[in-house]
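Hi,

Here is the structure I promised to send over. Have a look at it first, and then read on for what turned up in it.

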Amino acid sequence: MATPAVTSAVSSDNLEIPLIDFNAFLTGDAATKTSTAKAILSGFQTSGFIYLKNHPIPPSEVRQTFAESAKFFQRPREQKDAMAWTTPEANRGYSEPGLEKVADYMDRDDVAKAREEEGADLKESFEIGRESDRDYANHWPDQSDEEGKRFKEHMVHFFDQCKEVHMQVMRAIALGMGLEEKWFDPYTDKGDCTLRLLHYPEVKSEVFKQNRNQVRAGAHSDYGSITLLFQDACGGLQVMSPNGNFIDATPIADTIVVNAGDLLARWANDTIKSTKHRVVEPPRPADVHPSRYSIAYFCNPNYDKFIDAIPGTYDGAKGRKYEGVNSFEYLVQRLTATY
Ligand SMILES: O=C(O)CCC(=O)C(=O)O
Ligand SMILES: [Fe+2]
């Protein structure tokens, strides 16, 4: 018998995260395509998270991105500081450990309070935006040396591959909702997204013992439409269950964890969930936990788009829970509260 397109990645405490064979959507016959699309949508409606296997980005590409990322973070601090993150509008560049506090707050005071309780996030990151954006330039390492050139070339290429996956996942959501498959294409074709390389430095297990609330990345939901997350084998990512407990989202090799963000939840009139998640001490006991790397590709609707309830997600004008909002303005407002 053929393996089913949908199995389970996480099933605990009422948190059900499906593991979906994305190839069944991309190349299956009409019936398989539709049933897989429905399973993808259903994952976003119930837990807000899915895992995709057999996705179109080759494992070797993902490995190379991790390798380039590790080399990048090994650069001396002054080189990284020369590429520093500047403004929420640009949202590009290097953030030193402790700078950003991802949290589910709209308000700066609340972010500051979380920073005191959970400790600063134990991570550094590097953000890359659409390279062809005429308003904002990416911050690249020195392009006169080979290593800097290779890094840029690879990241621009990887960005494009993620952009394709974004378009395809949104097509699955459209089909699952009973819309025309390409309904979201005019919202995804620009690729106004952010590729974020993340490094959680080696950390003593003591640190987590001294402060029971210490985390590697604080609880938050993502801001945009969907996030493609590539994680290494360390573990530590947790997703909030419907009962309000954090459950391990254990790494599965060669999969992408995809979660819905706040703007998609709003767009879908809350028929889709943007679920809180965080990164904590890895589950495997150790005196010193090694560095953890992850790669997040934050997908957004094209920045110039007006985001108003998706047809079919509400009954008449009364059922509409939110005002329409411009994609860029919404995202900048959320980023402004975090940094
Ligand atoms: O590093 C991870 O696994 C998660 C990162 C994350 O949730 C984020 O950057 O929004
Ligand atoms: Fe996140």
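One bit of vocabulary before the rest: two residues are in contact here if their C-beta atoms, placed from the backbone, lie within 7 Å. With that in mind, helix α2 lies across four strands, namely β1, β2 (15-21), β3 (49-53) and β12 (256-260). Its direction is at about 155° to that of β2.

Please remember that this is a predicted model. The protein chain has a mean pLDDT of 94, with 94% of its residues at 70 or more. The scores for the model are ipTM 0.99 and pTM 0.94.

**The nine-stranded sheet**

The strands under α2 belong to an open sheet of nine, and the order is β1-β2-β3-β12-β9-β15-β6-β5-β4. Pairing in this sheet is mixed. At the edges you will find β1 (6-12) and β4 (93-95), each of which pairs on one side only. From one strand to the next, the twist averages 20°.

If you want one pair to zoom in on, try β5 (residues 124-128) and β6 (residues 194-200), which are antiparallel and joined over five bridges. Glu-127 has Arg-196 in β6 as its bridge partner. Helix α3 packs on the sheet as well, where it touches β5, β6, β9 (226-231) and β15 (292-298). The direction of α3 makes about 115° with that of β15.

**The helices around α6**

Two packed helices are described by the angle between their axes and the distance between the axes. Both α2 and α3 can be looked at this way, with α6 as the partner.

Start with α2 (residues 30-46). How far apart are the axes of α2 and α6? They are 8 Å apart, and the two helices pack at an angle of about 95°. Angles from 65 to 115 degrees count as roughly perpendicular, so α2 and α6 are roughly perpendicular to each other. On the α2 side, the residues that meet α6 are Thr-34, Ala-37, Lys-38, Ile-40, Leu-41 and Phe-44. They face Val-169, Ala-172, Ile-173, Leu-175 and Gly-176 in α6. By class, this contact has eight nonpolar residues, two polar and one charged.

Now for α3 (residues 59-73) and α6 (residues 146-176). Their axes come within 10 Å and cross at roughly 135°, and α3 and α6 are therefore oblique to each other. The crossing is left-handed. From α3, the contact draws on Glu-61, Gln-64, Thr-65, Glu-68 and Phe-72. From α6, it takes in Phe-151, His-154, Met-155, Phe-158 and Gln-161. The contact of α3 with α6 divides into four nonpolar, four polar and two charged residues.

**The four-stranded sheet**

There is also an open sheet of four strands, in the order β8-β13-β10-β11, with antiparallel pairing. Why is one side of β8 (217-220) and of β11 (246-248) left without a neighbour in the sheet? Both stand at the edges with a single partner strand each, so nothing in the sheet pairs with the other side. On average, neighbouring strands here are turned by 25° against each other, ignoring direction.

The partner of β8 is β13 (residues 277-279), and the two pair in the antiparallel sense over two bridges. Ala-217 is the residue to click on there: it stands opposite Val-279 in β13.

Cheers

Methods: Residues numbered from 1 in each chain as written. Chains lettered and ligands numbered in written order. Predicted model: local features only at pLDDT ≥ 70, side-chain atom pairs only at ≥ 80, totals over all residues. Axes fitted to C-alpha atoms, helices over the stretch in contact; angles between N-to-C directions. Parallel < 35°, antiparallel > 145°, perpendicular 65-115°, else oblique. Left-handed = near helix turned anticlockwise from the far one by under 90°. Nonpolar A, V, L, I, M, F, W, Y, C, P; charged D, E, K, R; others polar. Pairing = 2+ DSSP bridges. pLDDT = per-residue confidence, 0-100.
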